Amino acid sequence: MPIKPSKITPEKIYKKRRTFIAAGLGILALPIIDKGYAMLNTQQDGTDQPFPPIESMPEAADTVLKPTPLETITSYNNYYEFGYGKDDPGEADKTLITSPWSVEIGGPGADNPGIYDIAEIKGEHAIENHIHRFRCVEAWSMVIPWNGIKLADIIRSAQPNSKAKFVRFTTLNDPQQMPNAGWPGGPYVEGLTIEEAMNPLTMMATGIYDKPLEQQNGAPLRLVVPWKYGFKYIKSIVKIELVEHMPHGTWWKQNDREYGFYANVNPRFDHPRWSQATERVIGERGRKPTLLFNGYADQVAHMYPDPDNRLYFY
Ligand code: MTE
């Protein structure tokens with residue numbers, strides 16, 4: 001007889017999971033529990049859907065970005081290993097042991113593999129500060145002042161060889177430290193092309209507002225890719241592999257009609273269940289237009305030669 005989730009999951013999480021299953025809309029949802037999605041899923045490949053010409057895309061008007069307050073950044077989160085609700089990760093007990101913390105860097109594409117402690121990684125590479133727009137695939141956004149290391153610096157230390165075509169990242173998945181580690185999408189995996197990983201915008205964040213990352217934001221090390229949807233920003237990374245084949249990320253694997261590999265922000269291509277044209281700025285009133293590549297087209301568009309190819313944008 002199958003074990004009931006209530007037997008293996010803390011009660012609070014179990015109750016929230018029931019709410020999540022019942023809601024099933026407006027948030028990242030797993031296909032096994034999202035019964036409504038097939039019927040709403042009419043724009044999946046986008047090929048036969050009309051969309052505005054690329055010239056009509058809004059320009060990044062907000063050249064001076066106003067960072068979201070730290071309190072908001074640390075209390076409105078997606079971190080399913082700590083529960084499905086937006087407030088669960090922030091409210092969870094601080095059970096994640098982030099020091100010491102080992103990161104394994106290797107894979108067939110690395111000539112200099114190794115296991116490093118987070119303190120070593122932070123000590124070896126320059127910490128930079130970057131204020132970036134953050135756009136979740138659920139159509140909300142924030143502005144985050146990150147502190148972190150260029151991923152390119154970490155990859156260069158691993159001495160990539162010709163097999164390093166993609167980078168695959170894995171989150172810790174430990175039920176002792178994460179109350180909802182048993183969720184169907186775990187362990188959380190994400191990936192980038194090697195070119196994306198070497199782009200100067202791509203960071204491994206270690207802090208926000210000059211403070212170490214909080215557990216709910218992916219302590220002690222999480223990916224930042226400002227031109228992509230938030231689900232690419234994998235948290236609490238324990239493994240970085242340089243690999244030959246395109247990594248199958250958690251959301252792509254769970255629901256390939258709604259989420260893919262590239263997940264570049266694009267207001268022209270709607271999610272099957274909601275529009276991506278505008279976004280709700282958390283902590284502010286109203287919505288604002290979403291920008292192509294989240295406003296970073298100048299730095300990243302060259303990596304995606306066909307802006308009408310929907311594969312780049314889901
Ligand atoms: N990483 C892990 N391991 N588990 C997750 O549930 N959620 C992703 C991403 N990284 C997630 C994750 C999603 S959907 C988003 S929008 C961002 O983290 C949210 O980051 P934040 O909570 O710091 O705002």
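## Tyr80 and its aromatic partner

Tyr80 is buried, its relative accessible area being 5%, in what is a predicted model. Trp251 is likewise buried, with a relative accessible area of 2%. The structure holds 22 aromatic pairs, and one of them is formed by Tyr80 and Trp251, whose rings meet edge-to-face with 5.8 Å from centre to centre and 80° between the planes. This pair links distant parts of the chain, since Tyr80 belongs to the loop between helix 4 (70–73) and helix 5 (88–91), whereas Trp251 belongs to helix 9, 171 residues apart.

## A second edge-to-face pair

Tyr262 and Tyr312 have ring centres 5.1 Å apart and planes at 85°, so this pair, too, is edge-to-face. Because Tyr262 lies in the loop between helix 9 and strand 11 while Tyr312 lies in the segment after helix 10 (297–300), the pair ties together parts of the chain that are 50 residues apart in sequence.

Are Tyr262 and Tyr312 buried or exposed? Tyr262 has a relative accessible area of 18% and is therefore buried, the limit being under 20%. Tyr312, at 13% relative accessibility, also counts as buried.

## The aromatic cluster and the charges over rings

Tyr262 and Tyr312 are also members of a cluster joined by ring pairs, which includes Phe166, Trp252, Phe261, Phe269, Phe293, Tyr304 and Phe313 as well. Phe261, one of the residues of this cluster, has Lys232 lying over its face, at 4.5 Å from the ring centre.

Elsewhere in the model, a charge over a ring involves Arg133, whose charged end sits over the ring of Tyr296 at 5.1 Å from its centre.

## The surroundings of Asn264

Asn264 is found in the loop between helix 9 (250–254) and strand 11 (278–281), the loop in which Tyr262 also lies. With a relative accessibility of 0%, Asn264 counts as buried. Which groups does the side chain of Asn264 reach through polar atoms? The side chain of Asn264 makes a polar contact with the side chain of Trp227 at 3.1 Å, and it also reaches the backbone oxygen of Tyr312 at 2.9 Å.

When neighbours within four places in sequence are left aside, Asn264 is in contact with Trp227, Lys228, Tyr229, Phe293, Tyr304, Tyr312 and Phe313. Among these contacts of Asn264, Phe293, Tyr304, Tyr312 and Phe313 belong to the aromatic cluster described above. Trp227 and Asn264 are 37 residues apart along the chain, yet their C-alpha atoms are separated by 6.0 Å.

## The chain as a whole

The chain has ten helices and twelve strands, and buried residues make up 53% of its 314 residues. Contacts between parts distant in sequence are described by a further value: among contacts in the chain between residues at least 6 apart in sequence, 71% join residues at least 24 apart. The accessible surface of the chain comes to about 14300 Å², and 55% of that surface belongs to carbon and sulfur atoms.

Key
Residues numbered from 1 in each chain as written. Predicted model: local features only at pLDDT ≥ 70, side-chain atom pairs only at ≥ 80, totals over all residues. Heavy atoms only, no water. Helix = DSSP H or I, 4+ residues; strand = E, 2+ residues; numbered from the N terminus. Buried < 20%, exposed > 50% of the residue type's maximum accessible area, 1.4 Å probe, protein only. Polar contact = N/O pair within 3.5 Å; in protein donor to acceptor, adjacent residues only side chain to side chain. Contact = heavy atoms within 4.5 Å. Phe/Tyr/Trp six-rings, centres within 6.5 Å; stacked < 30°, edge-to-face > 60°. Lys NZ or Arg CZ within 6 Å of the ring centre and 35° of its normal. Areas by Shrake-Rupley, 256 points an atom, 1.4 Å probe, with all protein chains shown as cover.
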